[in-house]
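Work through the exercises below with the coordinates open. Try each task before reading its solution.

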Amino acid sequence: MRPLGTFPLRGVVPYITAWSSETEQHGTLVVRRGRLSYADEHPLDRDRFGILWRRLGVSPGVGKPEYGRVHGLRQRRTMLRVLCQVCGGPADRTCDGVLWLMGRAEYEREPWPAPIESPHPPVCLNCTVQAVRLCPHLRHHYIAVRARRFHLSGVHGALHVAGFPEPRVIDTETLALDDTRTAWLRAGQLIMRLTDYRVVDLHADSERVGPGN
Ligand SMILES: [Zn+2]
């Protein structure tokens, strides 16, 4: 199930949805100090873990929204800062933890208490309740969970090997952050691991959001 933030909602384009103007800027790849690098690398090309990222244009609002396509750099920002994937504001947090929506089908393959590994950023209560009111069928496709303990666990992207004239892609992989092969990855999304969580009833939570908010 794709993230909530890639659906058209309330006539507002969600925060992590990519726009047609936000194309990939390829850049020349080289091998430097035993790892994949850009020939003209800038410090912003790597994250805090030292992993190289895809270069993407950042111009939300320009062109057309491409629903279904996640903007990797905004996805990364929401994961690092625990922000709502729909509005970009703070994710909802109560004493029961931070709110997440997960695809029901993915969850049911390995339900509670198995940890959840997901590229879906968290959500705020207002966006979630509004989305479900707008599209009640979403309730059948998602489960809501609140997580007290979670951490960044992995990264998804294109795995490369050395080659001539440039390193080349061999596969698309999700790797643990401490996997040495991340030196050969060009990353596209971060993965969060939820270890202490419980499934919650959105209907009860929605009482906190007044009608028409
Ligand atoms: Zn929100």
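**Exercise 1. Strand register around β9**

Which residue of β9 does V98 stand opposite? Then work outward to the other partners of β9.

Solution.
- Step 1. The model is predicted. V98 stands opposite A147 in β9.
- Step 2. Place that pair in its ladder. β7 (97-103) and β9 (142-161) pair in the antiparallel sense over six bridges.
- Step 3. Turn to β11 (185-200). It runs antiparallel to β9, with 14 bridges joining the two. Within this pairing, R146 faces R198 of β11.
- Step 4. Add β10 (168-176). Eight bridges join β9 and β10, again in the antiparallel sense. H160 is opposite V169 in β10.
- Step 5. Close the connection. A hairpin of six residues links β9 to β10. P165 sits in the loop between these strands, and the peptide bond from F164 to P165 is cis, with omega about 5°.

**Exercise 2. The nonpolar core**

Which residues touch the most other members of the largest nonpolar core? Find the elements that feed this core.

Solution.
- Step 1. The core holds 43 residues, and W100, V123, V145 and L194 touch the most other members.
- Step 2. List the contributors of two or more residues: β4, β7, α3 (125-134), β9 and β11.
- Step 3. Rank them. β9 gives the most, with seven residues.
- Step 4. Check one hub. Leaving out residues up to four places away in sequence, V145 touches W100, M102, L194, Y197, R198, V199 and V200.
- Step 5. Set this against the general trend. In soluble globular proteins, nonpolar side chains tend to be buried together.

**Exercise 3. Helix α1**

How many of the 10 residues of α1 are buried? Identify them and their packing partners.

Solution.
- Step 1. Helix α1 covers residues 72-81, and seven of its 10 residues are buried.
- Step 2. Name them: G72, L73, R74, Q75, R76, T78 and M79.
- Step 3. Find what they pack against. The partners are β4 (52-53), β5 (65-70), β9 and β11.
- Step 4. Step off the helix end. Just after α1, V82 takes a positive phi of about 55°, although V82 is not a glycine. V82 belongs to the loop between α1 and β6 (93-94).
- Step 5. Classify V82. It has 14 other C-beta atoms within 10 Å, so it is partly exposed.

**Exercise 4. Two loop residues**

Are R33 and T180 buried or exposed? Place each in its loop.

Solution.
- Step 1. Start with R33. It lies in the loop between β2 and β3.
- Step 2. Describe the turn. β2 and β3 form a hairpin with two residues between them. Strands β2 (29-32) and β3 (35-38) are antiparallel, over four bridges, and V31 is opposite L36 in β3.
- Step 3. Check the backbone. R33 has a positive phi of about 50° without being a glycine.
- Step 4. Count neighbours. R33 is exposed because 6 other C-beta atoms lie within 10 Å.
- Step 5. Repeat for T180, in the loop between β10 and β11. T180 has 9 other C-beta atoms within 10 Å, so it is exposed too.
- Step 6. Take one distance. The C-alpha atoms of T180 and R74 are separated by 25 Å, with their positions 106 residues apart along the chain.

**Exercise 5. Whole-chain checks**

What radius of gyration does the chain have? Assess the overall size, contacts and confidence.

Solution.
- Step 1. The chain has 18 Å, and a compact globule of 213 residues would have a radius near 17 Å, so the two agree.
- Step 2. Along the principal axes, the C-alpha trace spans about 60 × 40 × 25 Å.
- Step 3. Inventory the elements: five helices and 11 strands.
- Step 4. Look at contact order. Among contacts between residues at least 6 apart in sequence, 74% join residues at least 24 apart.
- Step 5. Gauge burial. Buried residues are 35% of the 213.
- Step 6. Check confidence. The average pLDDT is 92, and 95% of the residues score at least 70.
- Step 7. Find the extremes. Helix α5 (202-206) has the lowest mean pLDDT of the elements, 67, and β4 has the highest, 98. Where pLDDT is low, the predicted coordinates should not be read in detail.

Terms used
Residues are numbered from 1 along each chain as its sequence is written. This is a predicted model: local features need pLDDT of at least 70, side-chain atom pairs count only at pLDDT 80 or more; totals for chains, interfaces and linings use all residues. A residue is buried if 20 or more other C-beta atoms lie within 10 Å of its own, exposed if 12 or fewer, and partly exposed in between; C-beta atoms are placed from the backbone. Two residues are in contact if their C-beta atoms, placed from the backbone, lie within 7 Å. A nonpolar core is a set of buried Ala, Val, Leu, Ile, Met, Phe, Trp, Tyr and Cys residues joined through C-beta atoms within 7 Å. Two strands pair if DSSP finds at least two bridges between them. pLDDT is the predictor's confidence in each residue, from 0 to 100. The radius of gyration is taken over C-alpha atoms; the globule rule is 2.2 Å times the number of residues to the power 0.38.
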